[in-house]
Amino acid sequence: MDVKFDRIAAVLFLLVGVLFMYGSRQIASSAYGSVVGPDIFPLVLGGILILLSLRLFYETFRYQVKSGEKVEMQYKLFVIIFIATLIYVLTLETIGYVITTFVFLLVCFQAMEKGKWIKSLIISAAFSGVVYYVFVEILKGTLPGWPIWF
């Protein structure tokens with residue numbers, strides 16, 4: 001692992017987490033008429049991102065650096081997940097949360113672990129379905145629903 005890269009990434013993720021939390025506080029509480037409030041999800045995500053970035057920063061001091069060790073960067077994997085994320089963001093409102101999240105997770109899982117289709121399908125479907133059910137039915141929040149054509 002590249003210690004310098006991980007330290008820089010940890011600091012950048014920390015800043016993104018802080019911006020998430022700050023931005024979530026700027027969302028009006030009645031934007032969607034939700035009981036939970038639209039600011040809760042980005043606030044929690046920002047907090048988790050901050051904690052994980054602090055953990056990554058801490059772990060960089062525990063690395064055993066081996067001289068001459070070359071780390072191979074996986075640019076293709078990064079590009080695939082980055083493009084999938086952009087498509088996810090652009091299609092979330094029109095296609096709906098469950099379908100876009102399912103497809104997004106399926107693409108990302110297959111990019112990381114090619115060939116494990118059954119595992120990827122089960123986890124993608126379970127995650128998108130359970131999160132939608134918990135957030136919309138139990139917490140009475142709102143997420144983009146199903147598309148009209150479905």
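**Notes on a five-helix chain**

1. Buried residues make up 25% of the 150 residues in the chain. Please keep in mind that this is a predicted model. The chain has 5 helices and 0 strands, and along the sequence the pattern reads α-α-α-α-α. Among contacts with a separation of 6 or more, 60% come from residues 24 or more positions apart.

2. Let me start with the N-terminal pair. Helix 1 (residues 3-25) and helix 2 (residues 40-60) have axes that come within 8 Å and cross at roughly 160°. That angle makes helix 1 roughly antiparallel to helix 2, the cut-off for this label being over 145 degrees. Their crossing is left-handed.

3. Helix 4 (97-112) is a good place to look next. Its end C-alpha atoms are 22 Å apart, which agrees with the 22 Å that its 16 residues should span at 1.5 Å a residue. The buried residues of helix 4 are Y97, V98, T100, T101, F104, L105, L106, C108, Q110 and A111. They pack against helix 3 (75-95) and helix 5.

4. Is V107 buried, exposed or partly exposed? This valine is found in helix 4, and it counts as partly exposed because its relative accessibility is 36%, between the 20% and 50% cut-offs. Leaving aside residues up to four places away in sequence, V107 touches I80 and A84. V107 and S120 are 13 residues apart in sequence, and their C-alpha atoms are 8.7 Å apart in space.

5. Now to helix 5 (residues 117-138), which has 22 residues. From its first C-alpha to its last, helix 5 reaches 30 Å, close to the 32 Å expected at 1.5 Å a residue. Buried in helix 5 are S120, S124, S128, Y132, F135 and V136. Seen down the axis of helix 5, these buried residues fall within an arc of 90°, so they line one face of the helix. As a reminder of the geometry behind such a face, an α-helix has 3.6 residues a turn, so residues three or four places apart point the same way.

6. What lies on the other side of helix 5, and is it buried or exposed? There you will find I118, I122, V130 and I138, which are exposed. On the buried side, the cover includes helix 4. Just beyond the helix, you may like to check the backbone at K140, which follows helix 5 and has a positive phi, near 60°.

7. How do helix 4 and helix 5 pack? Their axes are 9 Å apart, and the packing angle is about 150°. That makes helix 4 roughly antiparallel to helix 5. Helix 4 passes helix 5 in a right-handed crossing, whereas the crossing of helix 1 and helix 2 is left-handed.

8. Finally, a look at the residues in this contact. From helix 4, the participants are Y97, V98, T101, F102, L105, L106, F109 and Q110. They meet W117, S120, L121, I123, S124, A125, F127, S128, V131 and Y132 in helix 5. It is worth reading this beside the burial lists: Y97, V98, T101, L105, L106 and Q110 are among the buried residues of helix 4, and S120, S124, S128 and Y132 are among those of helix 5.

How values were computed. Residues numbered from 1 in each chain as written. Predicted model: local features only at pLDDT ≥ 70, side-chain atom pairs only at ≥ 80, totals over all residues. Heavy atoms only, no water. Helix = DSSP H or I, 4+ residues; strand = E, 2+ residues; numbered from the N terminus. Expected span 1.5 Å × (residues − 1). Buried < 20%, exposed > 50% of the residue type's maximum accessible area, 1.4 Å probe, protein only. Arc of directions from axis to C-beta. Contact = heavy atoms within 4.5 Å. Axes fitted to C-alpha atoms, helices over the stretch in contact; angles between N-to-C directions. Parallel < 35°, antiparallel > 145°, perpendicular 65-115°, else oblique. Left-handed = near helix turned anticlockwise from the far one by under 90°.
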